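Got the viewer open? Here's a short walk through the structure, one selection at a time.

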Amino acid sequence: MVNRITRSDVAREAGTSVAVVSYVINNGPRPVAELTRQRVLDAIEKTGYRPNGIARALASGTTKTYGLVVPNISNPFISSMAHALQREAFANGQVLLLGDAGDSRQREFELINNLLLRQVDGLLYTSVDRHPYIELIQSTATPFVMLDRVDPAQQVCAIRVDERAAAFQATQHLIEHGHREIAIICGPLDMLNTQDRVNGWRDALLQAGLPVRNEWIFATSYTRPGGYQAAQQMLKGRLPQALFTTNELQAFGCLRAMAEHNLTAPKDLALICFNGTIESEYNVPSLTTVRQPVDAMAKTAIEMLKNWSGAPTIREFNFSLQLGESCGCSRSKRD
């Protein structure tokens with residue numbers, strides 16, 4: 001059995017006290033002369049010593065870890081956000097532990113519990129059904145930032161875009177193309193973000209004096225199969241002139257269903273979607289989509305955890321409309 005290397009071994013190799021080794025490893029609390037510090041670092045490398053993370057956490061009161069809980073990491077928008085958060089966390093000396101709920105509320109609950117038991121320094125969280133376990137997190141006094149819209153009455157820290165305004169602009173863009181019959185494929189109607197996006201679609205139609213047809217509201221899951229199934233249902237009736245899908249995956253599923261009916265966008269149906277990623281740019285046709293500033297949002301979320309005060313704070317970000325081929329925009333307008 002190989003003996004575990006300890007700080008005493010490092011101290012012996014460096015010709016210093018164990019306390020000095022600890023000061024170097026923990027970067028304090030007392031200063032260490034540069035030559036002595038380098039001897040300790042050389043001894044650590046030579047002996048192969050690795051600090052005990054659990055012991056350091058107990059001593060310092062920090063685990064140098066954040067937890068991230070998301071509904072489903074296979075969603076391109078969520079994975080792009082997770083990637084940006086991981087990069088920002090690492091830049092701030094933290095490791096990001098990912099918890100993928102797989103669209104299961106029970107699994108989400110267990111993941112949060114597990115991360116809290118690991119005493120993460122903070123949580124970043126998007127709930128499966130936008131009814132998050134806020135009281136559970138608050139009971140441990142763990143800093144946390146919600147990555148989506150939550151009920152303002154919850155009094156929590158969150159980052160978000162105005163999804164109602166974004167949906168309004170997306171629908172208005174279709175109206176500016178001359179379309180008067182615009183359907184929507186949305187998420188489950190009991191979800192707060194779905195309600196925001198449907199209301200934005202409705203606002204744009206009403207402002208333009210256009211009818212809001214309830215039969216052209218197709219609620220489904222935020223997935224490719226969901227978009228496919230909703231589009232198949234839509235194609236059984238009279239085809240609208242344009243369609244707003246409330247996420248990118250639904251748009252991909254819709255395009256598959258259209259292809260099976262020998263229909264294309266934008267020739268037969270103009271299409272625009274929400275929460276696009278780089279996938280939208282390389283699809284054929286390229287998708288016109290609402291984009292969120294993922295990098296800026298990730299940077300702010302990590303800063304909110306790092307500078308946690310406990311005061312409820314909502315940071316809202318501007319969205320952008322990325323023009324593609326699916327809505328009917330010409331290349332010159334997209335450029």
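Start by selecting Ile-185 and showing what surrounds it in this predicted model. Setting aside neighbours within four places in sequence, Ile-185 touches Phe-218, Thr-220, Gly-227, Ala-230, Ala-231, Leu-243, Phe-244, Thr-245, Thr-246, Gln-250 and Cys-254. Ile-185 itself belongs to strand β6, residues 182-186. Is this residue buried or exposed? Ile-185 has a relative accessible area of 0%, and under 20% counts as buried, so buried is the word for Ile-185.

For a sense of scale, add Ile-25 to your selection: the C-alpha atoms of Ile-185 and Ile-25 are 55 Å apart, with their positions 160 residues apart along the chain.

Now zoom out and colour by domain. Domain 1 covers 7-51, domain 2 takes in 65-161 + 294-318, and domain 3 spans 163-291. Between the C-alpha centres of domain 1 and domain 2 you'll find 36 Å.

**A pair of helices: α10 and α11**

Select residues 224-234 for helix α10 and 248-260 for helix α11. Their axes come within 6 Å and cross at roughly 45°, which makes α10 oblique to α11. The crossing of α10 past α11 is right-handed. Which residues meet here? From α10, you'll see Arg-224, Gly-227, Tyr-228, Ala-231 and Gln-232; from α11, look for Leu-249, Gln-250, Phe-252, Gly-253, Cys-254, Arg-256, Ala-257 and Glu-260. Sorted by class, the contact of α10 with α11 has six nonpolar, four polar and three charged residues. Some of these names are familiar: Gly-227, Ala-231, Gln-250 and Cys-254 are among the contacts of Ile-185.

**Another pair: α5 and α13**

Next, pick residues 76-91 for helix α5 and 294-306 for helix α13. At what angle do they pack? About 50°, with the axes 8 Å apart, so α5 is oblique to α13. This crossing is right-handed. On the α5 side, show Phe-77, Ser-80, Met-81, Ala-84, Leu-85, Arg-87, Glu-88 and Ala-89; on the α13 side, show Val-294, Asp-295, Met-297, Ala-298, Lys-299, Ala-301 and Ile-302. The contact of α5 with α13 is made up of 10 nonpolar, one polar and four charged residues.

Keep α5 on screen and hop to Thr-277, in the loop between β9 (270-273) and α12 (278-282). Apart from neighbours within four places in sequence, Thr-277 contacts Pro-76, Phe-77, Ser-80, Glu-248 and Arg-291. Thr-277 counts as buried, at 5% relative accessibility.

**Backbone oddities**

Time to look at the backbone. Most residues other than glycine have a negative phi, and most peptide bonds are trans. Here are some exceptions to click on.

- Ala-265 to Pro-266: this peptide bond is cis, with omega near 5°. Pro-266 sits in the loop between α11 and β9.
- Val-284 to Pro-285: another cis peptide bond, with omega about 0°. Pro-285 sits in the loop between α12 and β10 (288-291).
- Ala-141: not a glycine, yet phi is positive, at about 60°. You'll find Ala-141 in the loop between α7 (134-138) and β4 (144-146); Ala-141 is exposed, with a relative accessible area of 63%.
- Gln-155: also not a glycine, with a positive phi of about 55°. Gln-155 lies in the loop between β4 and β5 (158-161) and counts as exposed at 52% relative accessibility.

Key: Residues are numbered from 1 along each chain as its sequence is written. This is a predicted model: local features need pLDDT of at least 70, side-chain atom pairs count only at pLDDT 80 or more; totals for chains, interfaces and linings use all residues. Side-chain values use heavy atoms; hydrogens and water are left out. Domain bounds come from an automatic or database domain assignment. Axes are lines fitted to C-alpha atoms, for helices over the stretch in contact, and angles run from 0 to 180 degrees between N-to-C directions. Helices (H or I, at least four residues) and strands (E, at least two) are DSSP runs, numbered from the N terminus. Angles under 35 degrees count as roughly parallel, over 145 as roughly antiparallel, 65 to 115 as roughly perpendicular and the rest as oblique. A crossing is left-handed if the near helix is turned anticlockwise from the far one by less than a right angle, and right-handed if clockwise. Contact means heavy atoms within 4.5 Å. Ala, Val, Leu, Ile, Met, Phe, Trp, Tyr, Cys and Pro count as nonpolar, Asp, Glu, Lys and Arg as charged, and the others, Gly among them, as polar. Buried means under 20% relative accessible area, exposed over 50%, partly exposed in between (1.4 Å probe, protein chains only).
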